[in-house]
Amino acid sequence: GAIYIANNAALTVDITGTAANGLDTGVEANSTWYHLWVTYNGTTLAGLISTSATSPTMPSGYTYKGYAGVAYNDSGGNFRLMASFGRKVHQADVEALNAAGVTSWTSLSIATSVPPNAISAHGRSSNAANQVLGIRLASNSTGTIGVVEAVVNASATTVVDSQYIK
């Protein structure tokens, strides 16, 4: 029940390996979120990569674990650039939607942009054509729950933000 604090731990994990400092089970899968763990056996720290955000398969002899973050292994088998600070994960920009002229509620999956165990997400939009930009995000496809709205005028000098729940 005691807490172990590992100061200045530098671990290298290899997804092509298994057990300590590798993947907990199976083989590398593309287009998959992997959770990063620090494990401890009472003497040695080791890293662990797992698809589980709660219960990784522990390496033999290791009984202690701490959650260290999450990273997305893209369709080419490359981990997306990310940095983890406590329970916050920051990753390189991911384009979730590139569309013009959308005038009705459009379903958008963020499954490859936001980790499945995230409790909140932040993003940004850009307007390269210097046109009026309107964004509405809602938690359902009808726009009836938890809508957040922002409008930027073409001159980019006025931003109108509003948030409301229907």
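Two strands count as paired if DSSP finds at least two bridges between them. I start there because pairing in that sense comes up throughout this talk. The model you see above is a predicted one.

Let me begin with the hairpin of β3 and β4. Four residues sit between its two strands, and G42 there has a positive phi near 100 degrees. Strand β3 covers residues 32–40 and strand β4 covers residues 45–50; they run antiparallel to each other, with six bridges. One of the pairs across them is T39, whose bridge partner in β4 is A46.

On to the other partner of β3. Strand β5, residues 64–73, pairs with β3 in the antiparallel sense as well, over nine bridges. Here Y34 stands opposite A71 in β5. How many of the nine residues of β3 are buried? Seven are, and the strand is mostly covered.

Now the sheet as a whole. It is open, has five strands, and reads β1-β2-β4-β3-β5, with mixed pairing. Why do β1 and β5 each have one side without a neighbour in the sheet? They stand at the edges and have a single partner strand each, so there is nothing in the sheet on the other side. The parallel part includes β2, residues 22–23, which pairs with β4 over two bridges. In that pair, G22 is opposite L48 of β4.

Next, the aromatic rings. The structure contains five aromatic pairs. In one of them, the ring centres of Y34 and F79 are 6.1 Å apart and the planes are at 70 degrees; planes over 60 degrees apart count as edge-to-face, so this pair is edge-to-face. Y34 belongs to strand β3, while F79 is in the loop between β5 and β6, so the pair ties together parts 45 residues apart in sequence. Are the two residues buried or exposed? Y34 is buried, at a relative accessible area of 1%, and F79 is partly exposed, at 36%.

A second pair is Y40 and Y64. Their ring centres lie 6.2 Å apart with planes at 40 degrees, so the pair is tilted. Y40 is in β3 and Y64 in β5, so this contact ties together parts 24 residues apart in sequence. Y40 is buried, with a relative accessible area of 14%, and Y64 is partly exposed, with 48%. Which residues do ring pairs link into a cluster with Y40? They are Y4 and Y64.

Back to phi for a moment. Most residues other than glycine have a negative phi. N8 is not a glycine, yet its phi is positive, about 55 degrees. N8 lies in the segment before β1, and it counts as exposed because its relative accessibility is 78%. A19, also not a glycine, has a positive phi near 70 degrees. A19 is in the loop between β1 and β2 and, at 35% relative accessibility, counts as partly exposed.

Last, the surface. L97, L108 and I110 make a nonpolar patch of about 270 Å². Where is L108? L108 is in the loop between β7, residues 88–91, and β8, residues 133–137. With a relative accessibility of 40%, L108 counts as partly exposed.

To close, two points to look for above: β3 pairs with β5 over nine bridges, and β3 pairs with β4 over six.

Definitions and conventions
Residues are numbered from 1 along each chain as its sequence is written. This is a predicted model: local features need pLDDT of at least 70, side-chain atom pairs count only at pLDDT 80 or more; totals for chains, interfaces and linings use all residues. Side-chain values use heavy atoms; hydrogens and water are left out. Patches are made of residues with over 30% relative accessible area and no salt bridge: like charges are joined within 9 Å, nonpolar side chains (Val, Leu, Ile, Met, Phe, Trp, Tyr) within 5 Å. Accessible areas come from the Shrake-Rupley method with a 1.4 Å probe; for residues, only the protein chains shown count as cover. A salt bridge is a side-chain nitrogen of Lys or Arg within 4 Å of a carboxyl oxygen of Asp or Glu. Buried means under 20% relative accessible area, exposed over 50%, partly exposed in between (1.4 Å probe, protein chains only). Rings of Phe, Tyr and Trp (its six-membered ring) pair if their centres lie within 6.5 Å; planes under 30 degrees apart count as stacked, over 60 as edge-to-face and the rest as tilted.
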